[in-house]
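Here are some short exercises to work through with the model open in your viewer. Try each one yourself before you read the solution.

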Amino acid sequence: MKNFITFLVLPLAMIGFTSSALASDRVEHNTSFSVSLNPVSNSYQIAKATFLPDRYDDLGLSNYDTLHDDYNSTNCDDYTRTSCPSVGRCERCPFNAKLYKVLACVAPYLLSDGDCVCPPAKPLVCTNDKCTKYCGSTCIEKTCTPTPSVDVNKCTNGTQKCDNGCCSNTRDCCKPCSHKITSKPENSHYITEKCVDDDGSHDINTAWECNSGYHEKNGECEKDCIANNCSGYPHSNPPSNATYSSCTITATNCSTDGVRYKVDSCNDGYKLSGDSCVLKTCEDDGLYSATACYNADGKNYGPLSYWTKANMGL
C-alpha cells in the first residue's frame with residue numbers, strides 16, 4: 001500500500017523520457033529507454049505531513065503496521081491508564097498509543113484493578129518488631145524476637161508477668177522497686193534498704209526515724225527533754241512532820257515515771273533522822289537527867305530540877 005501511494009503522488013514530469021522515444025517505441029519494440037526519479041517535491045512533503053497519520057496521534061491508527069485481519073475486533077476500554085507505573089509491565093492500546101494496560105508488576109508489587117499495589121502492610125506496633133521486607137516505604141514482612149525472662153533469684157520483690165516485647169505478657173520480670181513510704185515529719189530522716197529489679201539496684205525508703213536530739217510523739221519529732229531520775233529524792237510519798245520538795249522522774253523523750261520527795265526541814269519538836277523527821281528527846285535540847293525527862297501538853301520541860309517559871313514560860 002505504501003508503494004502504491006508513492007507512485008500515485010509522483011507527477012509524471014518526474015519520469016524522464018522524450019516524445020521521440022515514444023515514437024520509436026511504437027515503431028521498434030527493441031528500443032530501450034531509461035527512467036530516472038527526480039527529488040520529491042516540497043508539495044509532497046507538505047501533503048505527507050498534513051494528511052498521513054502520525055504514529056502517536058489520536059486518530060487510532062498508531063501501530064497500524066502490526067495489525068492484521070482483526071484490527072476492528074477490539075477497542076481501548078481495557079486500557080485505562082495514561083502512563084505505565086514504574087514497577088509495572090504494560091501494553092499500549094493498538095488504537096491509541098497514549099493509553100496503557102498493566103500486564104504484570106515487579107515483585108513484591110501485586111496487580112490489582114489494573115494497578116500495581118503493595119501487599120497488606122505489617123505495622124511495627126510491638127517493641128521488638130523488626131521489618132524484614134519493604135514494598136516502597138511500606139513494611140510487608142516483619143519478625144519479632146521476645147525479650148527473655150529475668151533470673152527470678154535476683155528480684156528483691158519477686159516476679160510478675162510482663163510484656164515480652166512482642167505484644168504478649170509472657171515474660172517473667174521483677175516486680176519494680178518502689179518506696180514503701182514517701183513522706184516524713186520535720187527533724188527526721190528516712191531508713192532505707194537495697195532493692196533489685198529489672199533496672200538494677202535501688203535505695204528505697206522503708207521507714208523514718210527522728211534525728212538525734214528529737215523523739216517521736218504522735219507522728220511528729222519532738223525535741224528531747226533533759227533526763228532526770230530524781231537522785232536525792234528518797235521518798236515516794238510526801239514525808240511527815242516536815243516541809244519537803246518534790247521531783248518528777250523524766251526521760252529524754254519527755255515521758256514521766258512518778259514523783260519523788262525529800263525533806264527540806266522538820267517541824268518544831270522534830271528532828272531529822274536519816275531521811276525522816278522524828279520526835280525530839282530531852283537530850284536533843286541539851287537537858288540531861290539521871291531520872292527522867294518530863295513533858296507536859298506535848299512540850300519538853302526538862303528534868304524537875306530545871307522546872308522554873310522562866311523555862312516553863314510563866
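**Exercise 1.** Decide whether Asn241 is buried, partly exposed or exposed, and describe its backbone setting in this predicted model.

*Solution.* Start with the relative accessibility of Asn241, which is 30%. Buried would need a value under 20% and exposed a value over 50%, so Asn241 counts as partly exposed. Next, place the residue: Asn241 sits in the loop linking β12 (220-223) to β13 (242-250). Finally, look at the backbone, where phi of Asn241 is near 55°, a positive value in a residue other than glycine.

**Exercise 2.** Carry out the same steps for Cys254.

*Solution.* The relative accessibility of Cys254 is 24%, so this residue counts as partly exposed. Its place is the loop between β13 and β14 (256-266). Phi of Cys254 is near 70°, again a positive value in a residue other than glycine.

**Exercise 3.** Cys254 is also in contact with His215. Is His215 buried or exposed, and what does its side chain touch?

*Solution.* First, locate His215: it belongs to strand β11 (residues 214-217). Then check its relative accessible area, which is 8%; His215 is therefore buried. For the polar partner, look at the side chain of Asp224, which makes a polar contact with the side chain of His215 at 2.8 Å. To finish, list the contacts of His215, leaving aside neighbours within four places in sequence: among them are Cys210, Glu220, Cys221, Thr252 and Asn253. As background for the burial of His215, 19% of the 314 residues of the protein count as buried.

**Exercise 4.** Describe the hairpin of β15 and β16.

*Solution.* Begin with the pairing: β15 (residues 270-273) and β16 (residues 276-279) run antiparallel and share four bridges. Within this pairing, Leu272 has Cys277 in β16 as its bridge partner. Now turn to the connection, where two residues lie between the strands and Gly274 adopts a positive phi near 70°.

**Exercise 5.** Which residues are joined by a cis peptide bond with omega of about 10°, and where is the proline found?

*Solution.* The bond joins Ala107 and Pro108. Pro108 is in the loop between β2 (96-105) and β3 (110-112).

**Exercise 6.** How many helices and strands does the protein have, and what share of its accessible surface belongs to carbon and sulfur atoms?

*Solution.* Counting the elements gives three helices and 18 strands. The accessible surface is about 22400 Å², and carbon and sulfur atoms account for 51% of it.

Notes: Residues numbered from 1 in each chain as written. Predicted model: local features only at pLDDT ≥ 70, side-chain atom pairs only at ≥ 80, totals over all residues. Heavy atoms only, no water. Buried < 20%, exposed > 50% of the residue type's maximum accessible area, 1.4 Å probe, protein only. Polar contact = N/O pair within 3.5 Å; in protein donor to acceptor, adjacent residues only side chain to side chain. Contact = heavy atoms within 4.5 Å. Areas by Shrake-Rupley, 256 points an atom, 1.4 Å probe, with all protein chains shown as cover. Pairing = 2+ DSSP bridges.
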